[in-house]
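Trainee: I have a new model to read. How should I go about it?
Mentor: Let us look together.

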Amino acid sequence: AKAAGKNRFLRFHPDMMTALVQRTDMLTGLQLAVARREISVGFQPIVSPRMAQVVQFEALARWNRDGERVPPSVFIPMAERSGLIGEIGAEVMARGLVRLAPWLSQDLSRSLAVNVSGVQLQEPDFADGVISLAEASGVGLYQLVLEVTESVFFDADSSLIKQLASLREAGARVALDDFGTGYSSLGRLQDLPVDTVKIDKSFVSMVRTGRERLPILSSMINMAHSLGLTVTAEGVETAAQADYLMALECDSLQGYLFSLPVAGSRLELAVQQADEA
Ligand code: C2E
Ligand code: CA
Ligand code: CA
Ligand code: CA
């Protein structure tokens, strides 16, 4: 028993201590950043090839920690585990709405997309919060798109479904993010309360020359269209990919080919750049 105890102790390697300390330190830093309202927003334009213009921006959370960018893939999961995601999500939405309000008011077919985590949807007052944020900014709910991944529907309780339904009734749209990467089949799509699918960049990156046959891409787009959904492709990096997706009648395109996510002060530039791509 003694040997086993010793073993157990030895298995706690100094590296684990370092990792633990770093994680705690990162969490403290994130708590501070949220309290000091240092979480900012990057805006990435989304282009409609049919209208040849930017029709939407996706708001993406940004954390600049003492001059160093911490990627969302690191701090968003941490925020989801620690309960900070509600505040971060509200901050991103509020800042996004305020910043884009003038651009949105110029054309009511324009919209703002924000990412919503499943943890936020578990909060019973999520829908009310969204509605008051939109009201405060003077932006109509019909100009707001909530991006969710299909995992939020896995163990969706009735409160979550009701909240999404009431937001959709009020005019907001729901987009299924990272489409194709989850576990459900294409067939399940018709049961989900969504208006748009966002094809994950892993599928878009399969287009290399533009001359290949990619039945999975066309199936996803055709299936979504036959269900009356619109389709956005993310991670479009090359002209060949854009051409391929346009030939498949993809409704909107997003990716570095058009623009990186930019700071709110550089929206005009991003629109100009995306228009020229
Ligand atoms: P996502 O929602 O799938 O967002 C798209 C990600 O792809 C963004 O990464 C964007 O910068 C990146 N991207 C855009 N175009 C291209 C491209 O052409 N090529 C490549 N390789 N990447 C491209 P980012 O900003 O690092 O965000 C990563 C993820 O973090 C997001 O993935 C989203 O899941 C999450 N996230 C970001 N902001 C928020 C937020 O405010 N709330 C929540 N809940 N999640 C967020
Ligand atoms: Ca997204
Ligand atoms: Ca995505
Ligand atoms: Ca993603």
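The talk below turns to ligand 1 and then to the calcium ions.

Mentor: This is a predicted model: local features need pLDDT of at least 70, side-chain atom pairs count only at pLDDT 80 or more, and totals for chains, interfaces and linings use all residues. Residues are numbered from 1 along each chain as its sequence is written, chains are lettered from A and ligands numbered from 1 in the order in which they are written, and side-chain values use heavy atoms, with hydrogens and water left out.

Trainee: Which residues come nearest to ligand 1?
Mentor: A residue is near a molecule if one of its heavy atoms lies within 4 Å of it. Here 21 residues surround ligand 1, and Arg62, Asn115, Lys201, Glu237 and Tyr256 come nearest.

Trainee: What polar contact does lysine 201 make?
Mentor: Look for a pair of N or O atoms within 3.5 Å. A side-chain N or O atom of lysine 201 lies 2.9 Å from an oxygen atom of ligand 1. Alanine 61 uses a backbone N or O atom, 3.0 Å from a nitrogen atom of ligand 1.

Trainee: Which element gives the most to the shell?
Mentor: Strands are DSSP runs (E, at least two residues), numbered from the N terminus. β2 gives the most to the shell around ligand 1, with four residues.

Trainee: What are the protein donors of the calcium ion (ligand 4)?
Mentor: For Ca, donors are N, O and S atoms within 3.2 Å; water is not among the atoms, so sites may look incomplete. Both listed donors are Asp178 (OD), lying 2.8 to 3.1 Å from the ion. Aspartate 178 also coordinates the calcium ion (ligand 3), 3.5 Å from ligand 4. Aspartate 178 lies in strand β6.

Definitions and conventions:
A polar contact is a pair of N or O atoms within 3.5 Å; within protein, one must be able to donate a hydrogen and the other to accept it, and residues adjacent in sequence count only if both atoms are side-chain atoms.
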